[in-house]
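Work through the exercises below with the structure open beside you, and try each task before you read its solution.

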Amino acid sequence: MKMKRKDPFQYGAPIARCYAPELLELTKGKGSRVRDASGRWYLDFGAGIAVNALGYGRRDLARVAARQMRRLIHTSNLYTSPPTVALARTLTASGPFDACFFGNSGTEANEAALKLARLYASRTKGPGHARLVSFTNSFHGRTMGALSVTPTSAYREPFEPLVPETETLPFNDPEAVAQLDRRVAACIVEVIQGEGGLEQMTPEFVEALNSAREEHDIVLIVDEIQTGLGRTGSVYAHRTAGLKADIVTLAKPLAGGLPLSATLIPERINKLLSPGDHGSTFGGGPVTTAVAAHVWKTITPERFLEQVRARAVQLDGELDELAASRSELGRTLGAGLLRGVEVRCPENQAKTVIKEILGACRSRGLLILRSGANVLRLAPPLTVSKEDVSTAVRILGQALDAVEIPSPDGNDSAQGTAPAHAPGSPPTRSSGESSAPAGRPTSTGATTGAATGQSAAGQSTTEQSDQGDPS
Ligand SMILES: Cc1ncc(COP(=O)(O)O)c(C=O)c1O
């Protein structure tokens, strides 16, 4: 008898309406794949928005967490514990840092960085030096301080007025940076704009930031929340770019999926701090830091990073090939395993088109993300296999075939062979396309080839383009 599958979507759950009204319910993961509540597997090239760097179902992470939970789960920041101290030592030794402040999320890491930069400016330069500068299309988080340096109006508008004395300059504009002066306490930047379209800093911009920092004693905060810890093929993307960071913020993959962030600070800031200046009850607890030490030990050896770079070269090449063969695709962007490709369509239709493509990928067993208005973002686990990279790019090509993408000049694209599918109906498939999702993991995490999963159930295309906005 044929078993009827459970609808894998949660509709109208009492989850705040800032998230999509229907959410794909995930129940399990293994390697680079996740399973939904109906039992269907997906190849996950979003990795929990660039968090699950080591993939799913890791027994080593579970072992470390369980061992530490049996010993001691929580201390508060009135005390510390061996894993917290050990991780602080490791992270501090990874660059010109004197100390580490632990929080629980990316936004908290940036919040701490901004507060400490202002404290430094007020103590060393005096009043009138509190300006915080960020750059167009950057994303630094959703709490009031981090949001104040996140210029995208959709994120900010409902919450204004935000923190005063913040300013946005154009990204990659060295001349704008050259106008900065001593009144600026800090600049906060991403080397690659993870949420804002995957644009990468130019060498000229790097040079301008380094000079402004030096000349005006501006604290340079580098947000490595998405780019750090191996994502771009090195431990820190700013180092590869030649950017001289004062403060570095880390989160997402730091504790393998558990909530932990770190704000790495230099001696000249640390020496000005007194107990009580900043704090967090949960930040840097023994369990998250024990797991993070294990993640660090796994990711940072050169042989692991070499593997990441090899997969990145492959993904890069296959995406370039896909983009070259399709008029509806533009530039490929990003670096390492944070890659994207521009979709060429009229600006006012980009949101719908991207949503359709993400939906078409999902119904074929591939989860990907959006970045900026019109970029498809791929950020798989760093442990992704060669076969899975090829499978993901192939499915992306099939998904693009199934979506009608209007050309930017208003003419219908010749590329899409099928009409855009209406919400609630399955997307149309082009010939030669398999209905099987991206394969089911075996116990070793390898793919079984064409999987047993059903073709996507009729599902609306409400997608990560909403939900995949930064968490
Ligand atoms: C570059 C960057 N900074 C900060 C954040 C905020 O992190 P969180 O959602 O953990 O607060 C994000 C999240 O996507 C990010 O990509």
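**Exercise 1. In which handedness, left-handed or right-handed, does H3 pass H11?**

Before the solution, two remarks on the source are needed. The model is predicted, so local features are described only where pLDDT is at least 70, side-chain atom pairs count only at pLDDT 80 or more, and totals for chains, interfaces and linings use all residues. Residues are numbered from 1 along each chain as its sequence is written.

Step 1. Locate helix H3 at residues 82–92 and helix H11 at residues 286–299; helices (H or I, at least four residues) and strands (E, at least two) are DSSP runs, numbered from the N terminus.

Step 2. Two packed helices are described by the angle between their axes and the distance between the axes. The axes of H3 and H11 come within 8 Å and cross at roughly 40 degrees, which makes H3 oblique to H11. Axes are lines fitted to C-alpha atoms, for helices over the stretch in contact, and angles run from 0 to 180 degrees between N-to-C directions; under 35 degrees counts as roughly parallel, over 145 as roughly antiparallel, 65 to 115 as roughly perpendicular, and the rest as oblique.

Step 3. The crossing of H3 over H11 is left-handed, a word used if the near helix is turned anticlockwise from the far one by less than a right angle, whereas clockwise is right-handed.

**Exercise 2. Describe the surroundings of strand S9.**

Step 1. S9 covers residues 184–189, and six of its six residues are buried (20 or more other C-beta atoms within 10 Å of the residue's own, while 12 or fewer means exposed and anything in between partly exposed; C-beta atoms are placed from the backbone).

Step 2. S9 pairs in the parallel sense with strand S7, residues 131–135, over three bridges, and in the parallel sense with strand S10, residues 219–223, over four bridges; two strands pair if DSSP finds at least two bridges between them.

Step 3. Alanine 186 of S9 stands opposite leucine 132, and alanine 186 also stands opposite valine 219 in S10.

Step 4. S9, helix H8 (residues 203–216) and S10 make a right-handed β-α-β unit, where right-handed means that, with the strands pointing away from the viewer, the path from the first strand over the helix to the second runs clockwise.

**Exercise 3. Which strands stand at the edges of the sheet S13-S14-S17-S16?**

Step 1. The four strands form an open sheet in that order, with antiparallel pairing.

Step 2. Strand S13 (329–335) and strand S16 (369–371) each have a single partner strand, so one side of each is left without a neighbour in the sheet. From one strand to the next, the twist averages 30 degrees.

Step 3. S13 pairs with strand S14 (residues 338–343) over five bridges, and alanine 335 stands opposite leucine 338 in S14.

**Exercise 4. Why does arginine 362 count as buried?**

Step 1. Arginine 362 lies in helix H13, and because it has 24 C-beta neighbours inside 10 Å, arginine 362 counts as buried.

Step 2. In H13, 12 of the 14 residues are buried, so the helix is largely enclosed by the rest of the structure.

Step 3. The C-alpha atoms of arginine 362 and tyrosine 42 are separated by 7.5 Å, although these residues are 320 residues apart along the chain.
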